Amino acid sequence: MSYKDDIKYMRMCFSLAKKGAGNVAPNPMVGCVILDKFGKLVSKGYHKKYGQNHAERDALLKLKNNEAQGGTLYVNLEPCSHYGKTPPCVDLIIERKLKRVVIGMKDVNPKVDGISKLKSAGIEIDYVLEEESRFLNRMFIKTMTQKLPYVVLKTAATMDGKIAAKTGSSKWITSEKSRELVYKMRREFDCILTSSNTVIADNPSMSQTKWRCVLDKDLRTDKNSKIYSYNTYVASRQNTPLKNGKLDLEAVLRELYKLGIYSVWVECGGVLAGSLLKSGLIDEVYQFIAPKILNDNAGISCFNGNNVNDIKEAKNLKIYEVKYLNPDILIKACINSF
């Protein structure tokens, strides 16, 4: 196979892998494509849900006549070599007598050493699109290496960066179309995190995820607030250490990780957003920008919490997607590299 073919089939793996988004955590998203010895595509598979077959097993078990023998297997993550919820994928790959395996990235799980086992069995190993493979599974990389959930902050702002007027008036900055997209996006995350100020001001339900987390140091929120109709973790001074008189935000995230929460969607005001940013706890920002200008420096900003004297101190992000929603714009940007 040519390098061009390798790229083509690895990108096919990416598309398959994305079908498992929101259902496979704490596992990574993985897709697999199998070609026979003549280069014909004979099977595809992906990891559909945590606890179910991995992508390689899903694809290989669809073959009835061992069409994979002498062929090539593409997978965006190193095949597993240990027993977990399912048997090791490398054993099945060796059993089916594949000639070549093309891998997107090496697994960051220290238990996995599938590459060595495949090489020992005489199987050729090649790599392609490592950077794209790592980006696809950036959430998995963080949770596996740092034991912290992946954090995405969503903001909705005017073109001059304001999320509300000085009076607190904020409904609605962005369009209904943007708000509907936000509701859909929330469902891709394990938890929505917000502040007591947001609960008191807006009384949101935030019902789209399995978990909600409210930062309420002094338990100021009303127990009858809509958000408490659902499974909600309240971080207060009673269960969370303080740092400089405020809740230790990293300690909150570590507690959420212990609860099996691997991805967190944050919706909050500028003070909490600024604290999270300053603490290095935000991985990505999804910024919805409306074609509006408040033209008032007293308005409430997206981020507020740092004392900056030099523009060089600004936080640098890497934009990876810009989407026009008519009339709004959505910008997705990463803060950390993978």
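Of the contacts in the chain between residues at least 6 apart in sequence, 66% join residues at least 24 apart. The model is predicted, and its secondary structure comprises 10 helices and 17 strands. Along the principal axes, the C-alpha atoms fill a box of roughly 70 × 40 × 40 Å. The chain has 338 residues, of which 49% are buried. Its exposed area is about 17,300 Å², with 48% supplied by carbon and sulfur atoms.

Helix 6 spans residues 138-146 and has Arg 138, Phe 140, Ile 141, Lys 142, Thr 143 and Met 144 buried. These buried residues pack against two helices, helix 5 (130-136) and helix 9 (249-258), and against strand 6 (150-157), strand 14 (284-289), strand 16 (318-324) and strand 17 (329-334). Lys 147, which follows helix 6, has a positive phi near 55°.

Charged side chains number 53 positive and 36 negative, and the centres of the two sets lie 3 Å apart. A surface patch of positive charge is formed by Lys 177, Lys 184, Arg 187 and Lys 323. Within this patch, Lys 177 belongs to helix 7 (residues 176-186) and counts as partly exposed because its relative accessibility is 47%.

Arg 57, by contrast, is buried and is located in helix 2 (residues 55-60). Arg 57 has no salt bridge; the nearest side chain of opposite charge is that of Asp 91, 6.6 Å away. Apart from neighbours within four places in sequence, Arg 57 is in contact with Pro 87, Pro 88, Cys 89 and Leu 92.

Technical notes. Residues numbered from 1 in each chain as written. Predicted model: local features only at pLDDT ≥ 70, side-chain atom pairs only at ≥ 80, totals over all residues. Heavy atoms only, no water. Patch = residues over 30% accessible without salt bridge, like charges linked within 9 Å, V, L, I, M, F, W, Y side chains within 5 Å. Areas by Shrake-Rupley, 256 points an atom, 1.4 Å probe, with all protein chains shown as cover. Salt bridge = Lys/Arg side-chain N within 4 Å of Asp/Glu carboxyl O. Lys, Arg positive; Asp, Glu negative; His and termini not counted. Charge placed at Lys NZ, Arg CZ, Asp CG, Glu CD. Helix = DSSP H or I, 4+ residues; strand = E, 2+ residues; numbered from the N terminus. Buried < 20%, exposed > 50% of the residue type's maximum accessible area, 1.4 Å probe, protein only. Contact = heavy atoms within 4.5 Å.
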